Amino acid sequence: MSDLLIELFSEEIPARMQKRAADDLQKLVTNGMVDAGLTYASAGAFSTPRRLALSVEGISKESPTLREERKGPRTDAPEKALEGFLRSTGLTKDQLEIRDDKKGQVYFAVVEKQGRPAADIIAEVLENAIRNFPWPKSMRWGAGPLKWVRPLHSILCILSDDEGATVVPIDIDGIVSGDTTKGHRFMAPDAFAVTSFDDYSTKLKRAHVVLNAEERAEHIWADATNQAFAAGLEVVEDKGLLSEVAGLVEWPVVLMGEIAEDFLNLPPEVLQTSMKEHQKFFSVRDPKTGKIVRFITVANVETKDNGATILAGNQKVLFARLSDAKFFWENDLRVAKSDMSQWTDALSNVTFHNKLGSQSERIARIESLAREIAPIVGADADEAAEAARLAKADLSSEMVYEFPELQGLMGRYYAAAAGASDAVAAAAEEHYSPLGPSDDVPTAPVSVAVALADKIDLLTGFWAIDEKPTGSKDPFALRRAALGVIRLVLENDLSAPLLSIFTKVNSDADGSDLLGFFHDRLKVYLRDQGIRHDVIDACIAMPNNDDFALLVKRAQALSAFMKTDDGENMVQGYKRAANILAQAEEKDGVEYSFGADLKYAEQDEEKALFKALETAKAAVDPALAAQDFEAAMGAMAALRGPIDAFFEGVKVNADSDVVRRNRLNLLSQIRSIGASVADLTQLEG
């Protein structure tokens, strides 16, 4: 067994591409080896800004020799058939064997494919991987045809075993493989040879290169939090930024710098966003005040002055950046305190969609709808309308133009500065939520009203112009909007007749089709909570299925009901009764839905079912009226025994027509009670 070490050494690879590139290298090489007949025990891929590395352990020395037998044409077949067979096998006629077969004698070809040394296979596989590497973007340099994300400088490729290490020979456009690499660009630029992965990673660390990206990230976070803690501060957690910064350095050196006094009164989110987007700095917060007061930067080199020069340069650049942010903030505040209608008026010149008008027209629709929804969610209608009118005003602000990710949040600041109530200001930020399955759902009534209005306007608008999601394509995030409506309704326990709201908002939208789209989203949402699809379908088939709070309460109760023996067996009894009724009604041409009379009951099981149905109905009807589906199904579960006993002891199709009709009408009571709870015919099993 041998171990393989590969390193592709280049100019700086963009941080966002490194993890995927390392995974792709591992996949291309290991899959190629396996396809060629090699086996291996384990593999691991690594990345730094200047290198992709792959370690593969326990590789077989060579691929196995393969022997394949192929049956050919009969010996008396036409000559052309034999010629075609010979071409496909690469053999001559005298190399074929003649064997007896059921239909006579036939030719057989025995093709033996010799095994190949691992080094030969790896050389082919790696060259193919390099020449066809799936970079999102790549470049060509020099005179050769090779493309890489950045100029590729060297290829390290060695196989090692107990006897030592050997270079796997590869030559790609003049880049010849070897057993050497280089360390840190500035602190250890000289080349050095390696003999194995352990030797490679150890020598890299001595040369100021941490090969493992996770190790670099852990070092950055530990050092940053320790420095902040020592100053009585805390680092604002940002996993995405941490991953990116770990991809920018090979030898992370963590430095904490000061933010000039001029900028400490900027909103913390502005400081955090500006430093992250422009400088890749972590924000350091004072836990007592919540203000961002310092920053963490990660250098790629150790200096004699312990980073003082680096910090000074970073602070100078940061001062310029934050001066811009402060200018935007102060200008925006002047507008907000003066008249925010300047911003909303400006949105009349911003197209939302060429078939749905401007942002200003959309805001007017959301304002009108928020006023309609307000009573449903317990919000003041005037306050909800005001919140909807101001919620998107910050889209015209300079700060949001510079940092689009701050939309909504800046709206909250500006609405508060304009003298709006806390509820109106909060709605400016919260009406975009929830943006995803893990995002918090607004609970303040005004925020809920505007959030629902925003998403429902979006959905009805695109339904009206027939721009619906298709397959995996959803450019306007309509599935996300629908899930947002569902979560807003359910997590705030709102009883909202959505179908009537859809048609009121936009009469051109197909409300029923849109409701079906919502039902599909709701199925996904409930399936994630462990509710079976057939249970959901049984509840969707009921009236008022546009009231999602009602629908989900029903589904949850039915799901719990179906997990009990009484529930499962009662449903089977219901289905049996419904099937017998359906057959009898088709045969007789009448509907058996009334008129069952206890005086025609002849058997004890029959009489017991009459009594049980009467008791159940007396409990089920008021429970359903109170939307207490759990109680309704609990009362229905009590029918399991009497129904089972009835079918075991009573013949429905009695000889007497009067008794038969009475028993069929009795079964219709089972059908009626069951159907009042859910469409039980939709249930499987």
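**Exercise 1. Decide whether Cys 157 and Cys 539 are buried or exposed, and state how many disulfides there are.**

Cys 157 has a relative accessibility of 0% and therefore counts as buried, where buried means under 20% relative accessible area, exposed over 50% and partly exposed in between, with a 1.4 Å probe and protein chains only. The same step for Cys 539 gives 2%, so Cys 539 counts as buried. A disulfide is a pair of cysteine sulfur atoms within 2.5 Å, and by this rule the count is zero.

The model is predicted, so that local features need pLDDT of at least 70 and side-chain atom pairs count only at pLDDT 80 or more, while totals for chains, interfaces and linings use all residues. Residues are numbered from 1 along each chain as its sequence is written, and side-chain values use heavy atoms, with hydrogens and water left out.

**Exercise 2. Work out the strand order of the sheet that holds S4, S5 and S6, and place helix H2 against it.**

Helices (H or I, at least four residues) and strands (E, at least two) are DSSP runs numbered from the N terminus, and two strands pair if DSSP finds at least two bridges between them. On these terms three strands form an open, antiparallel sheet in the order S4-S6-S5. Strand S4 (66-74) and strand S5 (97-101) are the edge strands, each pairing on one side only. Neighbouring strands are turned by 35 degrees against each other on average, direction ignored, with axes being lines fitted to C-alpha atoms, for helices over the stretch in contact, and angles running from 0 to 180 degrees between N-to-C directions.

S5 is joined to strand S6 (residues 104-113) by five bridges in the antiparallel sense, and Ile 98 has Tyr 107 in S6 as its bridge partner. Helix H2 (residues 79-89) packs on the sheet and touches S4 and S6, its direction making about 170 degrees with that of S4; contact means heavy atoms within 4.5 Å.

**Exercise 3. Describe the setting of Phe 328: which helix holds it, and which residues does it contact?**

Phe 328 lies in helix H8 (residues 308-338). At 15% relative accessibility, Phe 328 counts as buried. When its neighbours within four places in sequence are left aside, Phe 328 is in contact with Glu 398, Met 399 and Glu 402. Ser 63, by comparison, is 265 residues from Phe 328 in sequence and 66 Å from it in space, C-alpha to C-alpha.
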